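Student: I have a protein model open in front of me. Can you show me how to read it, step by step?

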Amino acid sequence: MAMSPPFLSRGSRGNRVGRRVGAMLTTSLVVLSLAAMLLTWRQPAMVGRTAALASDSEGFRQAHFLVGREQLLLRAAVTGLDAEWYAAQLRALRPMVLDSLARLAESAGGERRRDLVDLLDAERLLQASTEALFAILDRADLTAAAALVEGRGPLMESIAGRLSVAQRLHTAEYQAQLAMAARQARLLRYGMVLVFLVGLAVLAVTGWLRRTDRRAIERMAAEDALTGLPNRTAFQARAEVAIGAAGDGPRRPIVLVVDLDGFKEVNDSLGHYIGDKLLVEVGARLRACVRGDADTVARIGGDEFAVLLVDAEARIGEETADRLCQALVSPFVIDGMPLDVEASIGIATAAPGQDVGTLVRQATAAMYVSKEHHLAHSRYDPNQAGIAARLTLVGSIRRALDDDELVLHYQPKVAVGTGELIGAEALARWQHPTRGLLGPAEFIPVLERTSLVHRFTQHVLTMALAQARAWLDGGHRIPVAVNVSTRCLLDQHFPEVVAGCLLAAGVPGELLWIEITENTVMADPERAIDGLRRIRALGVSTAIDDFGTGYSSMAYLRILPMDEIKIDRSFVKGLGTDERNRVLVKSTVELGHNLGLTVIAEGVEDGAALQALRDLGCDGAQGYFLCRPLSIDDFDAWLSNRAVPV
Ligand code: C2E
Ligand code: CA
Ligand code: CA
């Protein structure tokens, strides 16, 4: 499958961006957490170092005090008063001084350690002098003692000075350490807040991604990946809801199962790529035939689609089926290649509380009946009575064609101004062996849903042209008009069929008219226009039948290869008195004439209508007032009895 499923493109850009953001956030979270962890890891060392520096500060203060006191005692001892007490004090103090300086030296690092070791050495030197001092004091030689202490003065100053420098340096280091600890604590605090916020963001993004992924999965589970239509599961769910909502009210949900004829051949001969594209296009056309939000078109199998109509009257099933068929009439152009697709449709209406599986099975069974018997659609019938009747009818029509039971009646077309015969419309009748003469309403609607219509139209053309030839041979130039249904006009080979019939009958194209309805044209305007052009190229004239009952676009009307408009009989009825119809006919006549077309009125049932048509400038008329459709014998009799020459 070369096509990218539609669901992949939808919302996936948002997901991609989301995933990228999620990955970035997660990476940031990991990096931030690592950094915070590292900071926290280093925290005990930082605390230890700060505590050690704090304790050193205390050590410095103590050393300062002890050194100061020692020096004070030294200086006081030489005064001669109470020398023994001073000596005792000094003796007790000396190891404390040494100890405190040694501790400072031990905990200091690098350069300062060396300074402190030097300081310690200087103190030891000083303390060595103290031993000499004690001996001098013992001799009570105060002069010598004073001289000794005096001589040690610079050493003492140096000790006190170096201790102060060391203390200052230590204080600076301690303060720097405190600042660093504060910075680190701040960093950790902000880092934690950031980790928390990023963590929240990661949670939010992953939550959102999980939700969108879940939605995508749900969509995938409910959607057909190729066409983007709901799949069988989603269809069944919707049908269940519709059946529940309908309760036992009069408007029942309707299910149509649509199976494409000949899809397998397309797939096998042209490959899956073309097959897939065709399915996508078919899906889109079917989708366009139902009410956007209320009804559902789903793909429930390979080339099988299903339609759910809710809140619908029963007849809507058949109307929708007709629309679906009509939508598939014009060929699908896939990669420049025109492909014809026809569908077989089965219709089933849900009974109150019916289970969906059974309902779809019923519609599928009806679809198989359609397929088997070349019907466009059929409705599930528990007794199969309706289907049987229709199938019998299709079979009988086929036989009627073989057995020549179809006959044509002819209704004259007359010029309004002169009463001159300007043509005859061929109207099909079925001379049924048991039911008598049947009008077209009895068999044409069924016939038009089968491919038998092609054979039927060719048969009518052959008979009508044979009659035109017979009249020509009898000296009457009477153009015959043949009604052509949508399926035939949109068949690419139809102009060749017409050419073949003309040739076989030996009738010039000018003696044949083709009547088509507005809806036939609008089913596929381009194709219809192409067909009409090719038919007109044979010299054949064309008319829009039942004008006013269908919907035709002015834009197309202007460019249609047409020669005549036939105003529908509903507008001609009561024309003598009905003012509204009079206005409608008047404007249609003007419109036709402005487009260069002749205008004929159908269903002229009284003289007043004919007079009104004359007043309004209508070109031709057809109707019971002028003449009913007649068998050939009756027509010939009518012809020879006419006062107006042909
Ligand atoms: P149509 O083409 O509009 O044919 C005119 C119908 O109006 C004919 O009905 C005719 O009998 C009827 N009619 C003529 N004058 C009057 C009138 O003054 N008042 C009223 N109320 N009706 C009048 P018919 O023969 O029953 O044909 C019905 C339709 O069947 C035709 O409508 C045409 O659409 C279709 N049909 C007939 N023969 C063929 C055929 O050979 N091929 C196709 N595809 N359709 C045909
Ligand atoms: Ca007609
Ligand atoms: Ca008509």
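Tutor: We will go from overall form to the metal sites, and then to two single residues. Keep in mind that this is a predicted model.

Student: Let's start with the fold. How many helices and strands does the protein have?

Tutor: Secondary structure is the usual place to begin. Here the count is 22 helices and 16 strands.

Student: How do I judge whether the chain is spread out or compact?

Tutor: Compare the radius of gyration with what a rule for globules gives. For 646 residues the globule rule gives 26 Å, but this protein has 55 Å, so it is more spread out than a compact globule. The spans of the C-alpha trace along the principal axes are about 185 × 55 × 50 Å.

Student: What share of the residues is buried?

Tutor: Buried means under 20% relative accessible area. By that cut-off, 45% of the 646 residues are buried. The accessible surface is about 31,700 Å², and carbon and sulfur atoms hold 58% of that.

Student: What do contacts tell me about the chain?

Tutor: Look at how far apart the partners sit in sequence. Take contacts with a separation of 6 or more: 70% of them join residues 24 or more positions apart.

Student: And the charges? How far apart are the mean positions of the positive and negative ones?

Tutor: The protein has 69 positive and 78 negative charges, and their mean positions are 9 Å apart.

Student: Now the metals. Which residues coordinate the calcium ion (ligand 2)?

Tutor: Read a metal site by listing its donor atoms. For the calcium ion (ligand 2) these come from Glu-425 (OE), Asn-483 (OD1), Glu-515 (OE) and Asp-545 (OD), at 2.1 to 2.3 Å. Two of these donors link distant parts of the chain: Glu-425 is in strand S9 (residues 421-432), and Asn-483, 58 residues apart from it, is in strand S11 (residues 480-483). The spacing pattern along the chain is E-x57-N-x31-E-x29-D.

Student: Are Glu-425 and Asn-483 buried or partly exposed?

Tutor: Check the relative accessibility of each. Glu-425 has 4%, so it counts as buried. Asn-483 has 31%, so it counts as partly exposed.

Student: What holds the calcium ion (ligand 3)?

Tutor: Its donors come from Asp-545 (OD), Asp-546 (OD) and Glu-602, the last listed with OE twice, at 2.1 to 2.4 Å. Their spacing along the chain is D-D-x55-E.

Student: Which residue bridges the calcium ion (ligand 3) and the calcium ion (ligand 2)?

Tutor: Asp-545 does, and the two ions lie 4.0 Å apart. Asp-545 counts as buried because its relative accessibility is 7%. Asp-546 counts as partly exposed, at 25%.

Student: How do I read a single residue, say Val-572?

Tutor: Ask for its place, its burial and its partners. Val-572 lies in helix H19 (residues 569-572). With 1% relative accessibility, Val-572 counts as buried. Beyond residues up to four places away in sequence, Val-572 touches several others, including Ile-567, Asn-581, Ala-601 and Leu-613. Another of them is Glu-602, which also coordinates the calcium ion (ligand 3). Between the C-alpha atoms of Val-572 and Asp-606 the separation is 9.9 Å, and these residues are 34 apart along the chain.

Student: Let me try Ser-129. Where does it sit?

Tutor: Ser-129 is in helix H4 (residues 110-138). It counts as buried, at 7% relative accessibility. Leaving aside neighbours within four places in sequence, Ser-129 is in contact with Leu-148 and Arg-152.

Conventions
Residues are numbered from 1 along each chain as its sequence is written. Chains are lettered from A and ligands numbered from 1 in the order in which they are written. This is a predicted model: local features need pLDDT of at least 70, side-chain atom pairs count only at pLDDT 80 or more; totals for chains, interfaces and linings use all residues. Side-chain values use heavy atoms; hydrogens and water are left out. Helices (H or I, at least four residues) and strands (E, at least two) are DSSP runs, numbered from the N terminus. The radius of gyration is taken over C-alpha atoms; the globule rule is 2.2 Å times the number of residues to the power 0.38. Buried means under 20% relative accessible area, exposed over 50%, partly exposed in between (1.4 Å probe, protein chains only). Contact means heavy atoms within 4.5 Å. Accessible areas come from the Shrake-Rupley method with a 1.4 Å probe; for residues, only the protein chains shown count as cover. Lys and Arg count as positive and Asp and Glu as negative; His and the chain ends are not counted. The place of a charge is taken as NZ of Lys, CZ of Arg, CG of Asp or CD of Glu. Donors are N, O and S atoms within 2.8 Å of the metal (3.2 Å for Na, K and Ca); water is not among the atoms, so sites may look incomplete.
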